[in-house]
Amino acid sequence: MAVNDPGGADSDAEEPPSMLWGLDPVFSAYSRLYITDILQMKESRQVPGVYFYKNHPLFQVDVLGTVVYKRERDDFYCYGVDDSTGVINCLCWKDEKWRDQGEPTKCRDPSGSSRGFNIEDELKRLKEAERQSTQLEIGDLLRIRGTVKTSRDAREIKATCFYKVSDPVMAVQISRMLEMPQLYRKCYDEPFQMPSDDLGGTEAGGSSRFHYLLSRSVLTLKEFLSEKEVARFRPYDVEFLLHPLIQSSSAEQESDQPRTSLATQIRKLLKETLSVLQDEGQIFRKIRTQDEVYNVTEQDKDLHTAIKDILREDTKREKYAEKGCHVLHILSSMRQRYSQNLSREVLEVALTFLECKSDIISTTEAHYIVL
């Protein structure tokens, strides 16, 4: 299995200031990293307990792997978890309600005198299932979320949540195996870019201000497109929405530093806003021409019709009749029939929208049929 090296040139780069870490979405999420990368991450020089994968700060991880060793103490379990890239020690505290608990209470025999649904028996079964999910043996599949720690020069995970995963046909492991390379490619291996300060102020303050303006701008444009049910637009059609944001930001700044012009700031903010909305799949350009026209994914009736037509036609074929069409098959067909510029993000937004309207349904996580 190919695993990314968290070291290299990026690891020697200067750490971003800790006051800006919260701008990186990875920092507040449970990162699904390979264990070998967790073991090799460098600890921050600014804040102990925070680590860097490339230039992404993080301290929480989400790991799925097989238990290869187990040690039990009065208050906790120590599990060695192997995801095929490495083994890491996981410290899992025992829940107080299970501690010092003897053998589980036997539930009443449902074939005896008490027939039908019995709430006490059902509660006992649920409690027993919960208890068993926290007691693992070697060979069991464990999912764990927790904080990364370094103890006695050894990296480990201190669990905030852990449980045994039932995966008899390896569906969970295969799904994760397919998901991880995409997360690395689209998120973890993409360096977190601190935007340049074109809106005035110090470098750190300007970056924070720009991110604040960008988040407000994205939200403003989303609300406008939804409320007005805009199907397509050009940048100058929505430019006026950003004027109040830039003007209020400029009014709040009190500095003698030279400012870029209002028009330049608006153009930069609009460009970044449109880029974010494209990355999210909310808007797209059907045809790339000098006339910069954007289609709104949830309002594009032609896009919705083309998706439903493809599902309606292809699910008649024996190959897709039972399970439906996979999202990648739909994407390929849409690029041939509708637009070569269509991205998977746009398609997934459209599929979610159509499913919410009950025009289509998903038979699995990535297969769809039309109603």
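**Exercise 1. Work out how much accessible surface the protein chain has, and what share of that surface belongs to carbon and sulfur atoms.**

Start with the total: in this predicted model, the accessible surface of the protein chain comes to about 21,300 Å². Next, split that surface by atom type: carbon and sulfur atoms hold 49% of it. Then turn to what is covered up: the chain has 371 residues, and 40% of them count as buried. To finish the overview, look at the secondary structure, where you'll find 12 helices and 14 strands. As for contacts with a separation of 6 or more, 62% of them come from residues 24 or more positions apart.

**Exercise 2. Find the order of the strands in the open sheet made by β1, β2 and β3, and say which of them are edge strands.**

Go strand by strand. The order is β1-β2-β3, with antiparallel pairing. Now check which strands pair on one side only: these are β1 (42-43) and β3 (56-58), the edge strands. Zooming in on the β1 side, two bridges tie β1 to β2 (residues 51-53). For a concrete pair to click on, take Glu43, whose bridge partner in β2 is Tyr51.

**Exercise 3. Identify the strands that pair with β4, and count the bridges in each case.**

First partner: β4 (residues 60-72) pairs with β7 (residues 141-151) in the antiparallel sense, over seven bridges. Val63 gives you a handle here, since Ile144 is its bridge partner in β7. Second partner: β5 (residues 76-82), again antiparallel, over six bridges. In that pairing, Thr66 stands opposite Asp82. Last step, the connection: a hairpin of three residues takes the chain from β4 to β5.

**Exercise 4. Say which residues have the most contacts inside the largest nonpolar core, and which elements supply at least two residues each.**

The core has 28 residues, and the ones with the most contacts inside it are Ile38, Val63, Tyr79, Leu142, Ile144 and Phe162. Note that Val63 and Ile144 are the bridge partners from the previous exercise. Now for the suppliers: at least two residues each come from α2 (35-40), β2, β4, β5, β6 (87-93), β7, β8 (154-165) and α4 (171-188). Pick Phe162 and list what it touches, skipping residues up to four places away in sequence: Tyr79, Cys92, Trp93, Thr134, Leu136, Leu142, Arg143 and Ile144. Don't stop there, though: a second, separate core has 23 residues, including Ala306, Ile310, Val346 and Leu347.

**Exercise 5. Classify the aromatic pair of Phe233 and Tyr294, and decide whether each residue is buried or exposed.**

A pair of aromatic rings is described by the distance of the centres and the angle of the planes. Here the centres lie 5.7 Å apart and the planes make an angle of 20 degrees. The cut-off for stacking is under 30 degrees, so this pair counts as stacked. Now place the rings in the chain: Phe233 is in β9 (residues 232-233) and Tyr294 in β11 (residues 294-296), 61 residues apart. For burial, the threshold is under 20% relative accessible area. Phe233 has 3%, so it counts as buried. Tyr294 is buried because its value is 4%. One more neighbour: Arg285 lies over the face of Tyr294, 5.9 Å from the ring centre.

**Exercise 6. Find the residues that ring pairs link into a cluster, and the ring that the charged end of Lys94 sits over.**

The full count is 11 aromatic pairs. Ring pairs join Trp21, Phe27, Phe52 and Phe59 into a cluster. As for Lys94, its charged end sits over the ring of Tyr77, 5.0 Å from the centre.

Methods: Residues are numbered from 1 along each chain as its sequence is written. This is a predicted model: local features need pLDDT of at least 70, side-chain atom pairs count only at pLDDT 80 or more; totals for chains, interfaces and linings use all residues. Side-chain values use heavy atoms; hydrogens and water are left out. Two strands pair if DSSP finds at least two bridges between them. Helices (H or I, at least four residues) and strands (E, at least two) are DSSP runs, numbered from the N terminus. Rings of Phe, Tyr and Trp (its six-membered ring) pair if their centres lie within 6.5 Å; planes under 30 degrees apart count as stacked, over 60 as edge-to-face and the rest as tilted. Buried means under 20% relative accessible area, exposed over 50%, partly exposed in between (1.4 Å probe, protein chains only). A charge sits over a ring if NZ of Lys or CZ of Arg is within 6 Å of the ring centre and within 35 degrees of the ring normal. Contact means heavy atoms within 4.5 Å. Accessible areas come from the Shrake-Rupley method with a 1.4 Å probe; for residues, only the protein chains shown count as cover. A nonpolar core is a set of buried Ala, Val, Leu, Ile, Met, Phe, Trp, Tyr and Cys residues joined through side-chain atoms within 4.5 Å.
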